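Subject: A structure for you to look at

Hello,

Here is the structure I promised to pass on. Please open it first, and then read my notes below alongside it.

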Amino acid sequence: RCDFVAHLISEATMSLDEDAVDLELEEDEVDDDEDEDEENDEEFGVEEKAHGNTSQESAGSAGKYNTRDVNDQVFEELVLVGGQAEEVQTVWKLYLSSAESREAAGEAIYAALFDASPSIQSLFKTPRAVMAMRFMNGLSQIIGSLDDPKAMKIIVETLGFQHLDLEVTIPRVIIFRDAIIDLLAVEMGSTLTAKARDGFATFLNYVGGSYIYVRVKFSERLKLLNSSWATATKKGMDEVAMAEAAEAGEDGETVAYGDVARSAGSAGFAANDKVQDKIKKRKSSKNGWFNGKKSSTAAEKAENAKETSGSEGVNDFRNTSVPTTFNEMFMFNAAVMGFGSHTWMFEVLSSFDTIVSNVANSYRLQEECDVLSLRLAKYRGTINLGEYKAVMLASLRSLCKDWGSQHEISWSWLWENVERMIQSLMGKPAAQEKALSQLFNSMDENALGTIRREVYAKFFAIAPAGQDYFKQSTTRLHFIADRLVIMTMDIYKDPKRMVEDISALGLRHVGYGIPTDLF
């Protein structure tokens, strides 16, 4: 009986051991399954994350900027995905190569745009050939930088800065976009793939929306620029002085010419004389931060000599004047900051008031930058436009008492855009002058005669009303045409004098009653 019990116990023990082993094997299998599930989950998570990043990137460019909508609410970098940038650049190069010339390609775009919407033509006042070249240069710049979103954003912002005075609207952007794409579809045929078409539509929507954004969102900057510039240049000072003088006249205080006599109760006839005396004192001499003290009249010098006699060796600071206008403060700061010998700065300074005053007039602003580049081309030395910005900001900070961070941002924004416009023209006047000189020197009398005739033929074809104002002899008309050729060369040789001569010529024609539309 004991052997039988022992046998049962032994079998039971073996059965338990087998169950335990099976249990361990099952647990190991479960652990292995869980590990596999975790690995699969991790792999799936990585793939899902990668897919999410790709879709997010695609959605980032397509969500803010796409082929259908013109987004004027944001202005960020445009990233074209799926090889669209390369497709657009390839099609554009083929389009340029298929045209007879770059000018012909620009004329085709210009014509397509105005055929699509003739009303847009009133927005462009520049001659057709010039505007066509601007179209080409702007589009080529943007398309060339499609693979560099940061550089393209700067280019688009600069172009938007130059379009501040144009009323760019979403319907007009759509017209512009569709006209260009339709032209490319006709000219390029099957070469314009669906991917290239989407790329063109997206970047043209982006450019148009950015122009609107810059014009609307930066309007506050323009207001701040105008107000702070009026403060810095003391614009409206004469009007203030007139008002003060009028109040003084009402109080009964009269200032007479040549006398210091004051008569109480008078009507104040000489109030205007007081204003003129103030203006004369302000304008009697120019600041001499580079050439010593300000010049003074003989009477003032005699008076100063009497006051300073007997006090030799004592410095007299009573004639030292504190700069109160932007030009005075700029010259002072330039000398203090070690830029006194950088004479190119004064060329910029002489044009800066016109630049700031016409910041919202793209044609006038571009014209001023063009002329400024001609004057800077005559400077022999290194030109660092960033130095002008440093002196400019230092001068404005001293003159504007309410200067703040928004002033800093607005003026930096203005100068950075103007600097890019000037920088794009640096080095070109010398090459252009050389090319023009070679062209005119190669012409014989027959070629010059053809130019004389064709100038008037083209002018009368463009503006038939102009014939009523040309009643001189043929010899006189040929002389005028020759002068036109000479002035074209002279503006490169002596731009400052030529600007004055052309301005005087324009004023004389206004005096003759010539409509400015014919200019």
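**Salt bridges**

Arg 364 and Glu 368 sit in one helix, α14 (residues 362-376), 4 residues apart, which is about one turn of the helix. Helices here are DSSP runs (H or I, at least four residues; strands are E, at least two), numbered from the N terminus.

Before going further, a word on the source: this is a predicted model, in which local features need pLDDT of at least 70 and side-chain atom pairs count only at pLDDT 80 or more, while totals for chains, interfaces and linings use all residues. Residues are numbered from 1 along each chain as its sequence is written, and side-chain values use heavy atoms, with hydrogens and water left out.

Back to that helix: the side chains of Arg 364 and Glu 368 meet in a salt bridge, at 3.0 Å from N to O. The term stands for a side-chain nitrogen of Lys or Arg within 4 Å of a carboxyl oxygen of Asp or Glu. By this rule there are 13 salt bridges. Arg 364, Glu 367 and Glu 368 are linked in a network of them.

How open to the surroundings are these two partners, Arg 364 and Glu 368? Arg 364 is partly exposed, with a relative accessible area of 28%, whereas Glu 368 counts as buried at 11% relative accessibility. The words follow fixed cut-offs: buried is under 20% relative accessible area, exposed is over 50%, and partly exposed lies in between (1.4 Å probe, protein chains only).

Another salt bridge joins Lys 389 to Glu 416, with the closest N and O atoms 3.3 Å apart. This pair links distant parts of the chain, as Lys 389 is in helix α15 (residues 385-399) and Glu 416 in helix α16 (residues 405-423), 27 residues apart. Lys 389 is partly exposed at 21% relative accessibility, and Glu 416 is partly exposed with a relative accessible area of 36%.

Do have a look at Arg 452 and Glu 445 as well: their closest N and O atoms are 3.2 Å apart, and they form a salt bridge. Arg 452 is buried, with a relative accessible area of 13%, but Glu 445 counts as exposed at 52%.

**Aromatic rings**

How many aromatic pairs does the structure hold? There are 24. Rings of Phe, Tyr and Trp (its six-membered ring) pair if their centres lie within 6.5 Å; planes under 30 degrees apart count as stacked, over 60 as edge-to-face and the rest as tilted.

One of the pairs is Phe 75 with Tyr 213: the ring centres are 6.1 Å apart and the planes stand at 50°, so this pair is tilted. It links distant parts of the chain, with Phe 75 in the loop between α1 (2-64) and α2 (84-98) and Tyr 213 in helix α7 (residues 194-217), 138 residues apart. Phe 75 counts as buried, at 10% relative accessibility.

Trp 229 and Phe 352 make an edge-to-face pair, 5.4 Å centre to centre with 80° between the planes. Here too distant parts of the chain are linked: Trp 229 belongs to helix α8 (residues 219-233) and Phe 352 to helix α13 (residues 344-357), 123 residues apart. Both Trp 229 and Phe 352 are buried.

You can also pick out an aromatic cluster made of Tyr 65, Phe 75, Phe 161, Tyr 206, Tyr 213, Phe 218 and Trp 413.

**Other places to visit**

Tyr 110 is found in helix α3 (residues 102-116) and counts as buried at 3% relative accessibility. Its C-alpha atom is separated by 9.4 Å from that of Ala 179, 69 residues apart along the chain.

Trp 92, in helix α2, is buried with a relative accessible area of 5%. Trp 92 and Ser 140 are 48 residues apart in sequence and 8.3 Å apart in space, C-alpha to C-alpha.

Pro 149 lies in helix α5 and counts as buried at 19% relative accessibility. Between Pro 149 and Val 79 there are 6.1 Å in space, C-alpha to C-alpha, and 70 residues in sequence.

Finally, Asp 147 is in the loop between α4 (128-144) and α5 (149-161), and at 53% relative accessibility it counts as exposed.

Enjoy exploring!

Best wishes
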